[in-house]
Amino acid sequence: AEALVIEGELNAMACALARPELALMGTAGTNGPLHQGALRGRTVYVYGDGDKPGQEARDRWAAIALEAGAHRVFVLDPWPMDACDIAGREGRAALRGRLQ
């Protein structure tokens with residue numbers, strides 16, 4: 001099973017519409033806590049914005065996921081805009097493509 005940890009609740013909602021089979025965890029900004037039990041045994045993808053707080057959050061969340069027992073962890077490169085903006089401007093299929 002796969003999970004995505006992403007910065008922002010609205011971004012998580014957009015990703016849930018684009019890839020409903022993913023377990024989604026949207027954080028409240030870059031300081032929100034992760035529900036570690038939900039990451040155990042999963043392949044976890046981590047996404048944060050490209051700014052310094054987002055980069056630091058991605059690194060921290062990846063480490064937390066590994067400590068929580070994630071099977072594998074992948075850190076996604078920043079996108080040119082938020083997931084909710086991609087879905088709104090380019091459509092769900094475009095966002096789904098970024099989440100493949």
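**Helix α1 against α3, and strand β1 between its partners**

In this predicted model, helices α1 and α3 are oblique to each other, because their axes cross at roughly 45° and an angle between 35 and 65 degrees falls outside both the roughly parallel and the roughly perpendicular classes. The helices in question span residues 9-18 (α1) and 83-90 (α3), and their axes come within 7 Å. On the α1 side, the contact is made by Leu 10, Asn 11, Ala 14 and Cys 15; α3 brings in Ala 83, Cys 84 and Ala 87. Sorted by class, that gives 6 nonpolar residues and 1 polar one, with no charged residues in the contact of α1 with α3.

Now for the strands. Strand β1, residues 2-7, is mostly covered, with 5 of its 6 residues buried. β1 pairs with strand β3 (residues 43-47) in the parallel sense, and 5 bridges hold that pairing. One of the bridge partners can be named here: Glu 2 sits across from Thr 43 in β3. β1 is also joined to strand β2 (residues 23-27), again running parallel, and again over 5 bridges. In that pairing, Ala 3 of β1 stands opposite Ala 23 of β2.

As for how the chain gets from β1 to β2, it passes through α1, and the resulting β-α-β crossover is right-handed. Helix α1 thus turns up twice in this account: as the connection in the crossover, and as the helix whose Leu 10, Asn 11, Ala 14 and Cys 15 touch α3.

How values were computed:
Residues numbered from 1 in each chain as written. Predicted model: local features only at pLDDT ≥ 70, side-chain atom pairs only at ≥ 80, totals over all residues. Heavy atoms only, no water. Axes fitted to C-alpha atoms, helices over the stretch in contact; angles between N-to-C directions. Helix = DSSP H or I, 4+ residues; strand = E, 2+ residues; numbered from the N terminus. Parallel < 35°, antiparallel > 145°, perpendicular 65-115°, else oblique. Contact = heavy atoms within 4.5 Å. Nonpolar A, V, L, I, M, F, W, Y, C, P; charged D, E, K, R; others polar. Buried < 20%, exposed > 50% of the residue type's maximum accessible area, 1.4 Å probe, protein only. Pairing = 2+ DSSP bridges. Right-handed = clockwise from strand over helix to strand, strands pointing away.
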